[in-house]
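Reader: I should like to learn how to read the features of a model such as this one. Please begin with the strands.

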Amino acid sequence: MTNVRRRTSKTIPALLMAGVGLVVAGVAGTCGEVKAGRQPVVQSAEPSAPVPSLAQPPLESLDPTPPQVLPAEPSGPAGPFLNRTDEAAASRRKMTLSWAQTGWKLVAAGEYRRAAQVFARATELAPHDASLFVGLGLSQHRLSRDDLAVATLEHALQLDANAGQAHHLLGDIHYARREIRTALRHYETARRLDPNDVMIQDRLLTTRRESRAEAGLHRLFSPHFVVKFQGPTDRHVASAVADRLELTYKTVGSRLAYFPPGSFTVILYSAPQFRHATFIPYWARGLFDGRIHLSLAGMTGGPNVADALLTHEYTHAVVHRLSNGHAPTWLHEGLALYFEGGAKPWGRDYLSRHAWELMPLQSLHGSFLELTPRAARIAYAESYGAATALIHRYGLVRVRELLAALAATPDFPSTFEKVLQDRYDEFDATWVRARAEQRF
Ligand SMILES: [Zn+2]
């Protein structure tokens, strides 16, 4: 991932900032890969919060019971009240600092749900402290509650327009939503506030390049897709792509009982432009990174090839939308192959011939981009076999429930167990193996 991002950042690095899905041709028929669509990670988003030198409440004590709310400061006469007022204010400050410190510790530990609870309590004690809202917004963002996160972070900016970390986070959220102009505005403010932050400089550069690269594209709108293309001569291809995608929207939607609202963005490239823009392996014809990127070369192999390619990429888009980018790569790819319907090269014969080379599914959660063509082929075959086993064992409705649950709880093994009532490692050892051994 690191290598890919560094290499890609020389051209259009933003392509890999969100999830990435490839459509493979040649090596892999018309299948592809997804580098699980996670939100960009903001390691530096944690502000240098005040760290009080106070004893912290132990984490175990963070039950849902709100901390004692101290009385509001009285506005009565000075005198005997003054000391009590000062004491109350000092206690409130101490408690706020204590909650804040605990919140940042929970963020550092990846306990975002509890962190959000703690920051929410702290904001009740200190409703004018922007840094607490930044902590709350960051926790909400990590929990994929971006609508809440945007509102919280914008409130932080109302309290303190110079809260650079709020601008940084809002830039990331708007970038992931492809709201490039708004993202640029926040990144530019964040850089003005902290000119030495290398990560912000990198994000700003990436976003500006992407904004320029797309500035000259033509657009074609259909009910559920915006197709961007290079020149007027490609308009008829763009129109055909939009028509086919609308059909795919209905077919995949009927099978999954899921018709996502809003629209998806599709970008068409010539073959050389596709290589230059995506920097993905030679065998790929498509890619999903939050938007669908397609090589025109993939549209010229006949209607069946084009439909398989479009269905594959659209499935990535649906899986990404349902799971909020938290589905592991094997599930992304396996479902994309399953829905495209042309996965004969990935059938059980191939899988059984390579049964001894199967890897634990846990090792197929990350990108397939760096795999050799041979390893990639096996990884795709195993992904297809595992997705087929999953559907055979639990049915598409529950697979969809699993994806939806991942949106709120990204930890795959625990969500798998909670939704499907089976252990993930047992499913891997039993069902995927049974599929490879052609037992069903
Ligand atoms: Zn794919």
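Author: Two strands pair if DSSP finds at least two bridges between them; helices (H or I, at least four residues) and strands (E, at least two) are DSSP runs, numbered from the N terminus. Here strand S2 (residues 218-221) and strand S3 (residues 225-229) pair in the antiparallel sense over four bridges. The two form a hairpin, with three residues between S2 and S3.

Reader: Which residue in S3 does histidine 218 stand opposite?

Author: Histidine 218 faces phenylalanine 229 in S3. This is a predicted model, in which local features need pLDDT of at least 70 and side-chain atom pairs count only at pLDDT 80 or more, while totals for chains, interfaces and linings use all residues. Residues are numbered from 1 along each chain as its sequence is written.

Reader: What pLDDT does the chain average?

Author: pLDDT is the predictor's confidence in each residue, from 0 to 100. The chain averages 78, and 77% of the residues score at least 70. Among the elements of the chain, helix H1 (residues 2-8) has the lowest mean pLDDT, 30, and helix H16 (residues 412-420) the highest, 95.

Reader: How should the span of helix H14 be read?

Author: The expected span of a helix is 1.5 Å times one less than its number of residues. Helix H14 (residues 373-394) has 22 residues and reaches 31 Å from its first C-alpha to its last, close to the 32 Å expected. After H14 comes glycine 395, with a positive phi near 90 degrees.
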